[in-house]
Amino acid sequence: MILMIAAFAVVALSLTACGHEGGNEEEGGGGSGSQEYPSTADVIRNAVKDIDGNKYDAVKIGNQVWMASNLRTTRYADGTAIPLGETTSSTEPYRYAPGTYQNNEENMVNVPAYGYLYNWAAVMHGAASSDANPSRVQGICPKGWHVPSDAEWTQLTDYMATRPEYMSSGNRDHLAKALAATWGWESSSDPDAVGYEPSTTNNATGFSAFPAGYYGGGYYVFGYYAGFWSSTEYNSNDAWGRGLGCNYADVGRYNYYKDYGFSVRCVRD
């Protein structure tokens with residue numbers, strides 16, 4: 001599914017149709033260390049540590065190894081700080097703490113579990129756009145890891161579409177539940193959607209996508225949506241990413257405004 005972020009208001013409106021399921025939302029926590037994985041997931045515990053000392057589990061899905069939680073570093077691997085942002089920017093690198101409050105300070109409690117949101121300038125750290133596979137863009141990632149290109153995201157979903165255990169209702173396009181975490185999601189009545197009984201039917205891959213929402217001059221759809229950057233530019237204003245919504249069964253392919261903040265997953269070199 002391809003959708004311009006300019007039309008994201010339509011998606012957000014649909015996402016609000018997801019209901020609230022008390023006890024399904026967990027704030028704070030310990031990142032991937034507190035995430036449970038299915039026995040079928042190929043999990044690598046403490047696979048990488050960032051410069052801040054944060055440790056991340058990883059999962060092998062097909063021939064790729066992905067971080068199993070959202071990046072939460074405050075610095076690049078070279079030690080350069082990534083400033084907290086209070087506004088959007090397409091040129092200055094910023095990170096944002098996700099949540100329902102409209103400031104970083106009150107949302108900071110969510111960072112251990114949901115990671116930071118980063119704009120594209122922060123993600124790329126001065127690197128040029130890449131659609132190579134692998135991207136070879138270390139960017140914001142720890143040494144030995146890189147920002148996935150649009151082609152690498154496609155490799156992930158193409159592989160999943162060959163595995164019946166990752167499909168909902170046998171539909172090759174209904175892959176989102178297999179990537180979504182088992183908690184944090186608002187509820188949905190659609191059996192194929194991410195928000196339907198997530199604690200028992202989500203995360204077959206172990207990827208554990210958390211609904212951190214996004215930053216776009218304010219904080220939006222926390223608990224309803226997970227958006228992830230790629231290293232691939234769409235045009236001078238936008239870059240490709242992937243998104244999961246509580247009321248959706250598919251993994252969306254979107255071009256996001258570069259000045260917005262979304263989550264980051266790194267792939268092992």
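**Exercise 1. What share of the residues in this protein is buried, and what makes up its accessible surface?**

*Solution.* Let us start with the whole chain.

- Step 1: Of the 269 residues in the protein, 56% are buried. Keep in mind that this is a predicted model.
- Step 2: The accessible surface comes to about 10,400 Å², and carbon and sulfur atoms account for 48% of that area.
- Step 3: For the fold itself, count seven helices and 13 strands.
- Step 4: Among contacts with a separation of 6 or more, 60% link residues 24 or more positions apart.

**Exercise 2. Find the disulfides: how many does the structure hold, and which pattern do they follow?**

*Solution.* A reminder helps here: a disulfide is a covalent bond between the sulfur atoms of two cysteines.

- Step 1: Two disulfides are present.
- Step 2: One of them is formed by C18 and C246, with 1.9 Å between the sulfur atoms.
- Step 3: C141 is joined to C266, at an S to S distance of 2.2 Å.
- Step 4: Number the bonded cysteines along the chain, and the pattern reads 1-3, 2-4.

**Exercise 3. Take the link of C18 and C246: is it right-handed or left-handed, and which parts does it tie together?**

*Solution.* Torsion comes before location.

- Step 1: The angle about the S-S bond is 105°, and the link of C18 and C246 is right-handed.
- Step 2: C18 sits in the loop between α1 (8–15) and β2 (42–49), while C246 sits in the loop between β11 and β12 (252–257), so the disulfide ties together parts 228 residues apart in sequence.
- Step 3: C18 has a relative accessible area of 4%, so it falls under the 20% cut-off and is buried.
- Step 4: C246 is buried as well, at 0%.

**Exercise 4. Do the same for C141 and C266: what is the handedness, and where do the two cysteines lie?**

*Solution.* The route is familiar by now.

- Step 1: The S-S torsion is about -95°, so this disulfide is left-handed.
- Step 2: C141 belongs to the loop between α4 (120–124) and β7 (145–146), and C266 to the loop between β12 and β13 (267–268); the pair therefore ties together parts 125 residues apart in sequence.
- Step 3: C141 counts as buried because its relative accessibility is 1%, and C266 is buried at 0%.

**Exercise 5. Where does W240 lie, and is it buried or exposed?**

*Solution.* One tryptophan to finish.

- Step 1: Locate W240 in strand β11, which covers residues 238–245.
- Step 2: Its relative accessibility is 9%, so W240 counts as buried.
- Step 3: The C-alpha atoms of W240 and N255 are 4.2 Å apart in space, with the two positions 15 residues apart in sequence numbering.

Definitions and conventions. Residues numbered from 1 in each chain as written. Predicted model: local features only at pLDDT ≥ 70, side-chain atom pairs only at ≥ 80, totals over all residues. Heavy atoms only, no water. Helix = DSSP H or I, 4+ residues; strand = E, 2+ residues; numbered from the N terminus. Buried < 20%, exposed > 50% of the residue type's maximum accessible area, 1.4 Å probe, protein only. Contact = heavy atoms within 4.5 Å. Areas by Shrake-Rupley, 256 points an atom, 1.4 Å probe, with all protein chains shown as cover. Disulfide = S-S within 2.5 Å.
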